[in-house]
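The following exercises ask for a careful reading of side-chain contacts and enclosed space in one structure. Each task is followed by a solution that goes step by step.

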Amino acid sequence: MATFLYRVGRLAFRRRWYVALVWAAVLAAVGLGALKAPGASDDGFSMPGIEAQKAFDLMEQRFPGATADGATARVVFVAPSGEKVTATENKRAVEKAVADLADGPQVASAVDPFQAKAVSKDGSTAYASVTYKVAANDLTDAGKTRLERAIDAARDSGLTVEAGGSAMDDGGGPGGVAEVIGVAIAAVVLLVTFGSLAAAGLPLLTALIGVGVSMATILTLSQALGLSTTTGTLAMMLGLAVGIDYALFVVSRYREERAKGRAPQEAAGLAVGTAGSAVVFAGLTVIIALAGLTVVGIPMLTKMGLAAAGAVVVAVLIALTLVPAFLGFWPNAVLRRRARKTGRIEDEGTRNNGGSRWARFVLRRPLPVLLLGVVGLGALAVPMTALQLGMPGDEAKSTSTTERRAYDALAEAFGPGFNGPLTVVVDAKGDADAKGAADPKGTVDPKRAAETVAQQIGRTEGVVSVSPPRFNQAGDTAVFQIVPSTSPTDEKTKGLVTTIRGERPGVESKTGATFEVTGTTALNIDISDKVQAALIPYLVVVVGLAIVLLLVVFRSLLVPLKAALGFLLSVLASLGVVVLVFQQGHGAGLLGVEQTGPIMSLMPIFLVGIVFGLAMDYEVFLVSRMREAYVHGERPGEAITSGFRHSARVVVAAALIMIAVFAGFIGESDSMIKMIGFGLACAVLFDAFVVRMAIVPAVLALLGDRAWWLPKWLDRLLPNVDVEGEALSSRQGAGQGADQEAGQGAGQGTDPQADPEAGPHPAGTSGREVART
């Protein structure tokens with residue numbers, strides 16, 4: 001692996017114009033494809049295998065033309081204080097608004113609240129339901145503008161008018177501000193780390209090129225692969241973060257090799273052969289974690305995971321090819337100013353720094369450091385035991401939004417459960433014998449069956465009201481709504497759904513018809529249950545595959561197990577902090593969280609998948625340098641110090657960049673994006689600074705030589721991928737030169753006339769025999 005990547009790095013450096021032109025051509029091609037590609041369609045959020053989804057599918061089949069996932073808007077009219085919405089002037093304004101809404105483009109229907117009896121008991125509030133023929137993402141600007149104009153006209157009459165529903169969704173996701181904040185902070189961190197504008201700018205430039213290629217590719221393939229507009233959010237977030245980090249490690253190793261007197265081309269080859277090997281395996285762990293999202297069984301999540309995995313693949317390829325090519329254009333620009341002026345490059349890896357001093361501190365007190373880290377993260381993980389999953393809706397939005405104000409007005413006028421009605425689909429199609437009905441004719445009476453089901457459910461504790469059943473054209477399927485007494489995110493509402501479904505066998509035996517419970521509230525409950533059930537299998541698959549991968553990389557049994565356990569600790573702690581803030585409300589005001597509630601159902605999966613990959617990044621980058629030192633003859637304690645001396649500063653910079661990118665999303669107004677950004681930032685903080693920088697060296701110090709032990713039979717079975725670059729260190733005549741092209745602008749210790757294919761100097765005492773002692 002190291003030898004192959006060494007050749008790739010040298011080739012990219014030498015043929016830099018070709019490499020740059022190839023990437024420019026790729027970016028232009030996918031960019032042109034993105035411009036010409038049709039807009040991404042919205043296939044809706046589907047969850048195969050759950051009852052709520054089956055009921056939605058049945059409704060689409062039996063009620064053609066009434067799209068179950070079509071966009072909806074609920075326009076709420078509130079009369080001025082002391083007045084009623086039924087007063088003549090107010091009623092006229094409402095009816096005019098409803099008529100305007102009904103004439104809007106893509107509108108299927110707009111229901112008059114006075115005809116539908118959608119007026120509160122005190123007469124202060126009424127609402128109109130607007131149904132569209134298309135999904136929310138397919139609404140045109142004309143349709144949204146017509147809705148806004150009708151609302152503004154009604155407000156001009158003196159009414160308070162607010163609107164909620166999927167038609168009001170602006171598409172969500174970050175609007176670019178988060179990325180700008182993340183890139184700005186990353187630039188500062190890189191400048192401080194490298195002390196060179198070029199060295200700071202190179203990782204940013206290559207990361208942005210990688211994100212451009214990834215996002216353009218996603219847009220190009222969106223129609224063909226059925227990708228929604230939200231698919232690229234995760235790809236952009238991760239592509240930017242890992243793109244900067246991977247380039248950062250290659251550039252850092254290049255500067256280190258230049259400080260040893262290598263010619264620029266040789267330094268680029270060694271950087272890609274060593275740091276590039278770590279990049280490949282770190283990228284593989286991220287890809288495994290993201291591709292593993294297919295285990296959950298949510299099509300949208302699968303597409304997001306695979307798209308983000310593709311972005312990581314691009315980031316790895318950029319780091320291995322475009323970064324050394326750019327180093328070929330400006331071989332000295334990435335060095336510090338003093339080195340460029342004097343021609344003397346100081347080897348920072350040979351002197352003490354903050355990383356080596358910290359490592360020695362941990363080596364002197366490994367047990368207290370280990371206990372403090374484990375106990376601290378364990379304490380932060382305690383709130384996670386009270387985790388409640390759900391899908392926050394309009395109630396979690398800021399009070400400055402019309403959706404939140406509409407939610408509050410409806411809850412006040414009609415009760416807290418009105419915002420989350422349950423939909424019951426009664427299927428009376430089929431013969432009675434198969435369904436156990438007692439009808440002597442052997443058929444089911446659909447009308448009587450639907451009414452019986454509605455009556456039985458209406459008697460259930462926690463049900464406020466049941467609407468009359470509405471039948472399809474064939475008369476064999478009925479739909480009615482239930483209004484619970486509690487809010488959509490209340491645990492009692494979940495209990496009500498469970499109770500209604502538990503009573504189904506008895507009801508079905510009486511009527512001979514089957515029924516299923518659906519609606520947004522039931523769908524969210526089913527999603528939460530399915531995600532919880534999928535979490536353990538997902539963990540087993542992802543962690544298992546990654547342990548095998550790390551076993552190959554480090555050729556050790558204990559190091560991969562320690563890495564996985566440390567990751568679990570950091571994820572549990574970050575989930576605990578998310579619960580503490582977003583569910584229990586501690587410090588919520590500091591983040592602009594106005595309403596606490598359940599944690600988004602997909603949050604644990606997101607955290608596990610994304611953070612596992614990123615945690616393994618730091619594990620590979622940091623521990624691979626320790627193993628490299630150990631393989632080259634250093635004792636366990638010395639290898640830990642050496643690894644921190646070379647890698648700690650860069651790992652810290654990489655973690656700070658990750659935290660900056662994720663923390664930028666905390667400023668978004670969307671509560672779910674805010675939650676994801678906060679959770680990921682906390683997870684990276686805990687994993688990088690507590691687990692990898694404290695717990696890992698403490699455990700390795702306590703284990704000593706045992707940390708690198710591997711049974712001989714397993715050693716023979718595992719492939720030798722040579723991440724440490726041992727094959728490179730055994731090559732002779734490395735520093736004796738490079739070709740003239742590579743030698744231009746070189747620092748000290750170069751000979752332009754030497755063989756360009758010569759290998760590197762021996763890096764120290766040889767190896768694998770030492771590693772096995």
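**Exercise 1.** Decide whether Phe418 is buried or exposed, and then describe the aromatic pair that Phe418 forms with Tyr127.

*Solution.* In this predicted model, the relative accessibility of Phe418 is 11%, and because buried means under 20% relative accessible area, Phe418 counts as buried. The same cut-off of 20% applies to Tyr127, which has a relative accessible area of 14% and is therefore buried. Next comes the geometry, for which a pair of aromatic rings is described by the distance of the centres and the angle of the planes. The rings of Tyr127 and Phe418 lie 4.9 Å apart, centre to centre, with 65° between the planes; since planes over 60 degrees apart count as edge-to-face, that is the class of this pair. Finally, the pair links distant parts of the chain, with Tyr127 in strand E3 (residues 125-132) and Phe418 in the loop between helix H14 (402-414) and strand E6 (422-427), 291 residues apart.

**Exercise 2.** How many aromatic pairs does the count give, and which residues form one aromatic cluster?

*Solution.* The count comes to ten aromatic pairs. One aromatic cluster is formed by Trp17, Phe326, Phe329 and Trp330.

**Exercise 3.** Where in the chain do the partners of the salt bridge between Glu266 and Arg10 lie, and is each of them buried or exposed?

*Solution.* The search of the whole structure finds 23 salt bridges, and in one of them the side chains of Glu266 and Arg10 meet at 2.4 Å, N to O. Glu266 belongs to helix H9 (residues 264-291) and Arg10 to helix H1 (residues 2-14), so that distant parts of the chain, 256 residues apart, are linked. For the accessibility, Glu266 has a relative accessible area of 1% and is buried, while Arg10, at 2%, counts as buried.

**Exercise 4.** Which residues pair with Glu51 and with Glu619 in salt bridges, and what else does the charged end of Arg504 do?

*Solution.* Glu51 forms a salt bridge with Arg504, where the closest N and O atoms are 2.8 Å apart. This pair joins helix H3 (residues 51-62), which holds Glu51, to helix H18 (residues 504-511), which holds Arg504, across 453 residues, and both partners, Glu51 and Arg504, are buried. The charged end of Arg504 also sits over the ring of Phe515, 5.6 Å from its centre. Glu619, for its part, forms a salt bridge with Lys562, with 2.5 Å between the closest N and O atoms; Glu619 lies in helix H21 (residues 603-631) and Lys562 in helix H20 (residues 558-583), 57 residues apart. Glu619 counts as buried at 1% relative accessibility, and Lys562 counts as buried at 11%.

**Exercise 5.** Which elements give two or more residues to the lining of the second largest cavity, and how do the lining residues divide by polarity?

*Solution.* The count comes to four cavities of 30 Å³ or more, and the second largest cavity has a volume of about 40 Å³. Residues that line this cavity include Thr206, Gly243 and Ile318, and the elements that give two or more residues to the lining are helix H7 (197-225), helix H8 (231-259) and helix H10 (299-329). By polarity, the lining of the second largest cavity divides into seven nonpolar residues, four polar ones and no charged ones.

Notes:
Residues numbered from 1 in each chain as written. Predicted model: local features only at pLDDT ≥ 70, side-chain atom pairs only at ≥ 80, totals over all residues. Heavy atoms only, no water. 1 Å grid on protein atoms, 1.4 Å probe; cavity = no way out; pocket = protein on both sides within 12 Å on 5 of 7 lines; lining within 4 Å. Points joined across faces, edges and corners; volume = space filled by probe spheres on them. Helix = DSSP H or I, 4+ residues; strand = E, 2+ residues; numbered from the N terminus. Nonpolar A, V, L, I, M, F, W, Y, C, P; charged D, E, K, R; others polar. Salt bridge = Lys/Arg side-chain N within 4 Å of Asp/Glu carboxyl O. Buried < 20%, exposed > 50% of the residue type's maximum accessible area, 1.4 Å probe, protein only. Phe/Tyr/Trp six-rings, centres within 6.5 Å; stacked < 30°, edge-to-face > 60°. Lys NZ or Arg CZ within 6 Å of the ring centre and 35° of its normal.
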